[in-house]
Amino acid sequence: MSRMNPRATNARAKRVTTDVTTRLDPAQFPGVLLAGGLARRMGGGDKPMRTIGGRTILERVIARLKPQCSELILNANGDPARFAAFGLPVIADTVKDFPGPLAGILAALDWFAANRPEVALVLSAAADCPFLPRDLVARLHRALTEENAQLAVAASDGQSHPVIGLWRVDLRDELRHALVVDDMRKIDRWTARYRLATVAWPTAPLDPFFNANTMDDIAEAERLAALDAAGAQ
């Protein structure tokens with residue numbers, strides 16, 4: 001009777017683990033909206049609660065992503081009651097005193113691992129990007145599959161937007177180590193450790209990853225909202 005080569009078995013198992021995330025229907029992926037920014041350039045407060053064209057930025061983000069995701073949660077620190085009207089679970093960072101989107105991504109991966117153990121991939125998006133693409137999840141997942149990547153992030157106009165991406169739940173312990181032990185704060189430093197797919201979107205008639213950081217940006221967003229509404233008709 002022949003004996004199985006343990007190295008070959010381990011290699012096959014590793015390939016299976018990688019391939020599981022690429023065989024899934026993108027509509028099965030949940031999403032987390034990252035709303036942890038302090039909005040210092042706007043005088044403080046929650047940027048996603050600012051109004052554009054009669055709707056809050058957060059309403060617009062939810063409307064863009066809800067058809068693309070199996071469910072949505074919101075990452076925000078402080079009193080979660082201020083977001084009660086949106087009807088989403090609100091989760092705080094699991095790494096304390098760590099400002100930054102990586103902490104929010106980790107919180108989401110931890111939450112889905114505990115509450116939806118069947119979930120393999122989670123979409124993250126900034127909650128202050130009101131014009132997110134309607135094909136965001138599908139294109140990120142396609143790139144993940146075609147490039148045999150471990151992570152996928154969005155880009156436009158030659159600039160990567162690593163806050164907006166697909167993340168493997170099974171990498172959460174490695175992310176926790178990077179945050180707590182390595183004191184890593186920048187997303188692109190962490191993604192550089194893995195096979196990364198970067199997917200670019202066109203910026204005409206508007207950049208789908210435009211985000212509102214200042215009061216001037218809010219004024220510009222009003223103009224872009226009119227363009228966006230015209231394009232949807």
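In this predicted model, leucine 74 of strand E4 stands opposite valine 90 in strand E5. Strands E4 and E5 pair in the parallel sense, and 2 bridges connect them. This pairing belongs to an open sheet of 7 strands, arranged in the order E5-E4-E1-E6-E8-E7-E9, in which the pairing is mixed. The edges of the sheet are formed by E5 (90-91) and E9 (196-201), each of which pairs on one side only. Helix H2 (residues 57-65) packs on the sheet and touches E1, E4 and E6, with a direction that makes about 160° with that of E1. H2 is itself mostly covered, 7 of its 9 residues being buried. The buried residues of H2 are Ile57, Leu58, Arg60, Val61, Ile62, Arg64 and Leu65, a set that includes two arginines.

Strand E1 (residues 31-34) lies between E4 and E6 in the sheet order. With E4 (residues 72-75), E1 pairs in the parallel sense over 4 bridges, and glycine 31 has leucine 72 as its bridge partner in E4. With E6 (residues 121-126), E1 likewise runs parallel, joined by 4 bridges; here leucine 34 has alanine 126 as its bridge partner. In a regular strand, side chains alternate between the two faces of the sheet. Within E1, Gly31 and Leu33 point one way, whereas Val32 and Leu34 point the other way, and all are buried.

Beyond E6, the sense of pairing changes to antiparallel: E6 and E8 are joined by 4 bridges and run antiparallel. In this pair, serine 124 has glycine 165 of E8 as its bridge partner. Strand E8 (residues 159-168) is mostly covered, with 7 of its 10 residues buried. On the E7 side, E8 pairs with strand E7 (residues 151-156) in the antiparallel sense over 5 bridges. Serine 156 is found opposite glutamine 159 in E8. E7 and E8 form a hairpin with 2 residues between them, and aspartate 157 in the turn has a positive phi of about 55°.

The loop between helix H4 (136-146) and E7 contains glutamine 150. This residue counts as buried because its relative accessibility is 15%, below the 20% limit applied to buried residues. When neighbours within four places in sequence are left aside, glutamine 150 is in contact with Leu144, Arg168, Tyr194 and Arg195.

The largest nonpolar core comprises 44 residues, among which Leu33, Leu65, Leu123, Leu132, Leu136 and Leu140 touch the most other members. Two or more residues are given to this core by each of H2, E4, E6, H4, E7, E8, E9 and helix H7 (215-232). A second, separate core holds 27 residues, including Val32, Ile73, Ile91 and Leu151. Leu33 of E1 is thus a member of the largest core, while Val32, which points the other way from the strand, is a member of the second. For leucine 123, the contacts beyond four places in sequence are with Pro30, Gly31, Val32, Leu65, Cys69, Leu136, Val137, Leu140, Gly165 and Leu166. Among these partners are Gly31 and Val32 of E1, and also Leu65, one of the buried residues of H2.

For the protein as a whole, the secondary structure comes to 7 helices and 9 strands. Of its 233 residues, 46% count as buried. Pairs of residues 24 or more positions apart account for 70% of the contacts with a separation of 6 or more. The accessible surface comes to about 11,800 Å², and 51% of this area belongs to carbon and sulfur atoms.

Confidence in the prediction varies along the chain. The mean pLDDT is 86, and 82% of the residues reach 70 or more. Two segments in which pLDDT stays under 50 are residues 1-20 and residues 39-43. Beyond four places in sequence, the model has 8 contacts for residues 1-20 and 12 contacts for residues 39-43.

Terms used: Residues numbered from 1 in each chain as written. Predicted model: local features only at pLDDT ≥ 70, side-chain atom pairs only at ≥ 80, totals over all residues. Heavy atoms only, no water. Buried < 20%, exposed > 50% of the residue type's maximum accessible area, 1.4 Å probe, protein only. Pairing = 2+ DSSP bridges. pLDDT = per-residue confidence, 0-100. Contact = heavy atoms within 4.5 Å. Areas by Shrake-Rupley, 256 points an atom, 1.4 Å probe, with all protein chains shown as cover. Axes fitted to C-alpha atoms, helices over the stretch in contact; angles between N-to-C directions. Core = buried A, V, L, I, M, F, W, Y, C linked by side-chain atoms within 4.5 Å.
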